[in-house]
There are 12 protein chains.
Amino acid sequence: MSTSAPKLKVMILGGPNLGRLGLREPDIYGRMTWEELEVRCRSWGEEFNLEIDFVQDDGEGALVGLIHRASDQTDGLILNAAAYTHTSVAIRDAVAAVDIPVIEIHLTNPTAREEFRQTNLLAGVVNAGVFGFGINGYRLAIEGMAGLLS
Amino acid sequence: MSTSAPKLKVMILGGPNLGRLGLREPDIYGRMTWEELEVRCRSWGEEFNLEIDFVQDDGEGALVGLIHRASDQTDGLILNAAAYTHTSVAIRDAVAAVDIPVIEIHLTNPTAREEFRQTNLLAGVVNAGVFGFGINGYRLAIEGMAGLLS
Amino acid sequence: MSTSAPKLKVMILGGPNLGRLGLREPDIYGRMTWEELEVRCRSWGEEFNLEIDFVQDDGEGALVGLIHRASDQTDGLILNAAAYTHTSVAIRDAVAAVDIPVIEIHLTNPTAREEFRQTNLLAGVVNAGVFGFGINGYRLAIEGMAGLLS
Amino acid sequence: MSTSAPKLKVMILGGPNLGRLGLREPDIYGRMTWEELEVRCRSWGEEFNLEIDFVQDDGEGALVGLIHRASDQTDGLILNAAAYTHTSVAIRDAVAAVDIPVIEIHLTNPTAREEFRQTNLLAGVVNAGVFGFGINGYRLAIEGMAGLLS
Amino acid sequence: MSTSAPKLKVMILGGPNLGRLGLREPDIYGRMTWEELEVRCRSWGEEFNLEIDFVQDDGEGALVGLIHRASDQTDGLILNAAAYTHTSVAIRDAVAAVDIPVIEIHLTNPTAREEFRQTNLLAGVVNAGVFGFGINGYRLAIEGMAGLLS
Amino acid sequence: MSTSAPKLKVMILGGPNLGRLGLREPDIYGRMTWEELEVRCRSWGEEFNLEIDFVQDDGEGALVGLIHRASDQTDGLILNAAAYTHTSVAIRDAVAAVDIPVIEIHLTNPTAREEFRQTNLLAGVVNAGVFGFGINGYRLAIEGMAGLLS
Amino acid sequence: MSTSAPKLKVMILGGPNLGRLGLREPDIYGRMTWEELEVRCRSWGEEFNLEIDFVQDDGEGALVGLIHRASDQTDGLILNAAAYTHTSVAIRDAVAAVDIPVIEIHLTNPTAREEFRQTNLLAGVVNAGVFGFGINGYRLAIEGMAGLLS
Amino acid sequence: MSTSAPKLKVMILGGPNLGRLGLREPDIYGRMTWEELEVRCRSWGEEFNLEIDFVQDDGEGALVGLIHRASDQTDGLILNAAAYTHTSVAIRDAVAAVDIPVIEIHLTNPTAREEFRQTNLLAGVVNAGVFGFGINGYRLAIEGMAGLLS
Amino acid sequence: MSTSAPKLKVMILGGPNLGRLGLREPDIYGRMTWEELEVRCRSWGEEFNLEIDFVQDDGEGALVGLIHRASDQTDGLILNAAAYTHTSVAIRDAVAAVDIPVIEIHLTNPTAREEFRQTNLLAGVVNAGVFGFGINGYRLAIEGMAGLLS
Amino acid sequence: MSTSAPKLKVMILGGPNLGRLGLREPDIYGRMTWEELEVRCRSWGEEFNLEIDFVQDDGEGALVGLIHRASDQTDGLILNAAAYTHTSVAIRDAVAAVDIPVIEIHLTNPTAREEFRQTNLLAGVVNAGVFGFGINGYRLAIEGMAGLLS
Amino acid sequence: MSTSAPKLKVMILGGPNLGRLGLREPDIYGRMTWEELEVRCRSWGEEFNLEIDFVQDDGEGALVGLIHRASDQTDGLILNAAAYTHTSVAIRDAVAAVDIPVIEIHLTNPTAREEFRQTNLLAGVVNAGVFGFGINGYRLAIEGMAGLLS
Amino acid sequence: MSTSAPKLKVMILGGPNLGRLGLREPDIYGRMTWEELEVRCRSWGEEFNLEIDFVQDDGEGALVGLIHRASDQTDGLILNAAAYTHTSVAIRDAVAAVDIPVIEIHLTNPTAREEFRQTNLLAGVVNAGVFGFGINGYRLAIEGMAGLLS
């Protein structure tokens, strides 16, 4: 983790299908797009003096590489691994090897859904988590990250 | 839910062993006591214009009754059911019958612990949740509740 | 069991959340309250020459104590353990030690609900059962108890 | 369901081995035969102004056909599927497609028996049930059916 | 069981697909037909002074009825329930209610086949069994039955 | 399989409750009856120069016998075993012993339904399958069978 | 879905290892290559007035992206997800969010293979399916899609 | 743990239904009552210079509170949690947070009973245990505690 | 297997605790001792022109060695592995490597006993089996072996 | 059990690896050797007028034989089967056939260790047990045995 | 496999996170980087006259493609699939379709880690394996491959 | 572990049935006998300056004792526990208590065989392993051991 920089840096990383936010099943996920969420998050980051590295990818391997980048270039990771939350040991291994704090985030409450979503391979290696608050959960995660980094 | 009161009311409810906070396993749960947490939460409530009803009980039946009280007298419930999270269908039934928003909270990350703590009977009936932020998680939950109630 | 009393006595015992009957989820459980049900049951008891001891408690330990009371003071027990049906070995042990007939009752058909409600710790130690008839099931249980006691 | 007939009709349907009632394991099932039970049920039906269609078959396919007949020609079905309760998806499908109320009945308490009897494929699609009252359970089921039909 | 008849009677009962013996998969089951096996069994019965009632049916309900007949009219039952061995609680119930000795027989060794053939609902209620000897197993079962009846 | 007949013969076999097609749950299965489907299938058979043997039965044993008939008298079998798909080892054994191609068909997508419908005892012994196309699936199965037989 | 275009468009999408068709295990999958199958499918598409978008990729993330493209640019999706059928929640989520009809296709009968292939994460979210017809199954799927789209 | 007091103090704590000792199922548990056992234990305590705090409660929450009291006011805990042994995470959490030695005791051998009694949530957090010696087991536990405290 | 010897040789091998036959639980296993059984088996062997090598050992490794001896020096093995039937992969491996026919034998019907006796590691590698006939089962096994060797 | 001998005899039997006591993992098992423990146990036996037969073996078959010896020559058995506790049906069968009281003993608390140590094949057939008291547990077991024998 | 080339070619393929070798968790995996390992492997390859194709990728689909390349261009594959070992059916399918020998390698002993690492989808399709030797395991694998290729 | 001896000593230990190597199933295990393998291993040991203690036993208890000997008298253990790999907690305990490095070896790839061979009780306590290289695997294990000891 970088030490005394005037502004700390946090990666907000989205997994598969999140790029379709606002387009896909708006009844569940709302009508705000991923691009609009980025603007919102940057502004929330300002509030807590955090620079936001906002990225999304559908590929498991690509997400592994982005977590390596977070580890090398940022001070904290807010991760919504979406479907990979339930299946990816590779992302779990990448997160487990990271020295910066990691917060897991979900827009909805995944426990209220299908059986196979009960398996959460990431929860055992993250520091903290936030779920079910929709878009506002990103604000809480940013604020919570600020707390963990202070 | 009461409608346009100048100040909304939120119950923060703690389950078994939480009255021992600060005394029990301080390496894990920190040194702040339950009584000190109450003071902190009331102050955070002020910030978001929420009146806090702060209660704790070790008994499953008593908690069921307190959830009935939350349903009748408050506008939101922030619930740390502690061990009953993993075993109580009675508390689940009480929560499921409530019309106000319910946020689940844990001081630590329970997924990183024993097998029998993987079963979460409450997660399926709450609206949202926060875990792993320690004491600061209560602030995030209060802020998140303010969002859900607005 | 008391032997030749002119009027036999039967306890009707309700478990957690049943005190909220008529208030909680009326689409599922109807609008009759627990207090109104007591009146109805007393009247049905009259019909079959049975005195009714009508009690409810949300607490597992309290229910154990009430089953002890049923064992000492009544001739039969009609038990709706609600959520504890699925989790309480303590109540099962109390029922198993009782010498009077015990009838299990549920207002709805619990098998048509969540997975964890498939576990029924009590069914193995009761004499008989009635489910899915709503309020009218209490009349059938009282009539059935009269049959078991005759 | 037929609407305002002066006398409604109810099928009482028995599954495999029930034709041996009174002959088979009388310590468990009593000494009344299936034929004697028919007489008794018809008389109980009179009491509640219900005409009884009383049938039994050992075959799974035959029972499926009789449930179709109940659906076409009667107003309610009281079903003791015996062993098929635990194994027959075909009977479950037939029951699920029926528009009349269906009451499941067992002479004994099946939960107190072998592991494989814990699986109940029918319970999820019936309206109500009665078990453990022996022959008298048929009276309760008929009375309960009268209630459901009124 | 009949007591002192000069010649005792034994039913040999075959389940589904056994009528195709000799035609179906002769590499596994051999080329002798079910009709030829009947001749062989009658002759073996002679040897041990047993009259053979040799029957086969593909239907579960029909087999239940034939077991009732064995119970009423014979002194012992040699049963090859074929596929129903693994799925029929109805046949198990019929066998369990029988007072005569019952021997289970299989031409091959069923344990060496598919997973779902590991479940054997009958083995728990039969007296004895013979498997893997092919046609000759019927001779051993008849001889063993003679021993059980003596 | 018959070899060079000018017209090959295919059995279309329906299992339990399919005789109620069009009457039972039309929202799911449509309003075409089993008899109307027969007409349609015969006409589709004409198109591919196939003679259709169109039969239905509710009984497991009867279906076993009809599969024997298909094996002896036809060149291919299109089988909708309905509920027995999930429970019948007897039908599986009958299909496994058949030398003609067998196509499994379902009107709907059974995987999207209850847990116990995930078990498919037949799929391991059929050659091919078609599901979810409704009535039109029968046309695809007939065409597919023509391909397998050519 | 595009509405009244003279020619509707259908994506045929292949998953991991399908690019090796014809080269890999030809005893099982035949000797036709993926490129030759494309030609064949385009010609079958002509027959039913459908334009074919024929694509293949080994990557889970890439397939998620291609399903997004199908959703935006085509009227139907014929999907052979190969190995990802059994492991990918990400592809399931992508399919579930799509408004166009989706047909699952397999060249062979996957149920007859290893245990871990019994898990099918896609079947619950597709409309229909075809398996075990080899190359000819693609023709049936195209014809079936034409039916679903008309 | 208190350090050099002339007489150390040990809590003997009983769970649900133990207050009925001697009354409930005397064939299994003997005829000595809980009150008589208290006298006996006090006397055995004398022998080993231990003061006994002898308490019982049927409630899970109350037992949690009594374990807190043991932690604050005594030097060792001998716990018979009865039915809660198999279901209570709350009691487990309370025991785990205690710094004094804890001995688990059962009058009978619970392993020889029902399946659900195989789950023991406490055994993993106690120091030692004694079972199957009946009343005399309390003497062994007191002596064993004296050893652990010396 | 040796080929044309005038008298073939068969090993009858007993596993752990069988040396106590007649002494241990005579209600279940009868009063004949292992030594008396040897005499009986030798005499039955005479009848079928078989020389009997009759041995018993309590040790798993010793039994493995004796199976090697059977393989080298005899023409058939009749094996009662007793408790090792349920736990020994080593004995299974030894049996699987043997070229002579192997018959499994049990005095009682093990399927009617504890859960852990349902696992049978040997059944998958033996040729045939006999159970539940008591001492007489050894005669049937010797006769059956004579059949397999002829 | 021998009846009125002036001194009763008790076998203390140790299983695999116990001969290495004091040498193997002394942090867990202490530094007292098996030979030193024998001296200690003989002296404790004196105290309760019991003669001690102190034996150890690493082999499953040898332990079966020693249990036979205990049954023939002693009045009680104190058994630490070590690893065989979790895997040996043979030792369970030997213990179950014994008429003398059997006490199970473990130096540590095995429940707090690996998953496969949760299976205890012996607990269901012993009379009583003691665990977690280290060497002192042997004293408690000897005293408890004296109680069972008086 | 290419046949008689003077120098055979072997691909050494690394899966997700292996590019971080030496940087990530050096206490477990050591301080040698992936680039340094390449140098070492090339030199070990020289020793056994093998040309090394040394590649790594984080993506599942990319690894599938590289296995296709190994199949087309090399004579053997040494595969460390890392996290995909436990989740990827796609990589298993790719390996299963390869005609060259495949050796699985792990730096550590994965069996000593989390539950979900017990599932190994690759082990069933590789020829041989090496684990737990750290960097030196690559030398052993190269030597072992030389043996398999000779 | 001995420290600076000019020649270190390694035990190569074989489990049940390995003494039959070359005789038993040569298609799988090859034609080299255990005695010939000893010669080969001694020569390989020379190469790496290791003295080989080469032993085999069929008995679980005997293997436990030999592991104790390895611990006392050698510097490393190469263990092929054969069938006991899957069933022996006793051998696991013995290995876990050893301070010298332990390498697990199998001639074939056991994962590609029966379900019950998936359980490996030893893998969690060994340092490293080698499988599937046949006889040559012993050379690799000796070389790997030399590396671990240097």
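The exchange below goes through salt bridges and burial in a predicted model.

User: What makes the contact of B:D53 with B:R69 a salt bridge?

Analyst: The closest N and O atoms of B:D53 and B:R69 are 3.1 Å apart, and a salt bridge asks for a side-chain nitrogen of Lys or Arg within 4 Å of a carboxyl oxygen of Asp or Glu, so the pair qualifies. B:D53 lies in strand 2 (residues 50-56) of chain B and B:R69 in helix 3 (residues 60-73) of chain B, so the salt bridge ties together parts that are 16 residues apart in sequence.

User: Why is B:D53 called buried, and what is B:R69 called?

Analyst: Buried means under 20% relative accessible area and exposed means over 50%, with partly exposed in between. B:D53, with a relative accessible area of 14%, is therefore buried, whereas B:R69, at 29%, counts as partly exposed.

User: How do you know that D:R20 and E:D72 form a salt bridge, and where do the two residues lie?

Analyst: Their side chains meet at 2.9 Å, N to O, which is within the 4 Å cut-off, so the term applies. The pair crosses between chains, from D:R20 in the loop between strand 1 (8-14) and helix 1 (26-29) of chain D to E:D72 in helix 3 (residues 60-73) of chain E.

User: Which of the words buried and exposed fits D:R20, and which fits E:D72?

Analyst: D:R20 has a relative accessible area of 15%, under 20%, and is therefore buried, while E:D72, with 53%, is over 50% and so exposed.

Key:
Residues are numbered from 1 along each chain as its sequence is written. Chains are lettered from A and ligands numbered from 1 in the order in which they are written. This is a predicted model: local features need pLDDT of at least 70, side-chain atom pairs count only at pLDDT 80 or more; totals for chains, interfaces and linings use all residues. Side-chain values use heavy atoms; hydrogens and water are left out. Helices (H or I, at least four residues) and strands (E, at least two) are DSSP runs, numbered from the N terminus. Buried means under 20% relative accessible area, exposed over 50%, partly exposed in between (1.4 Å probe, protein chains only).
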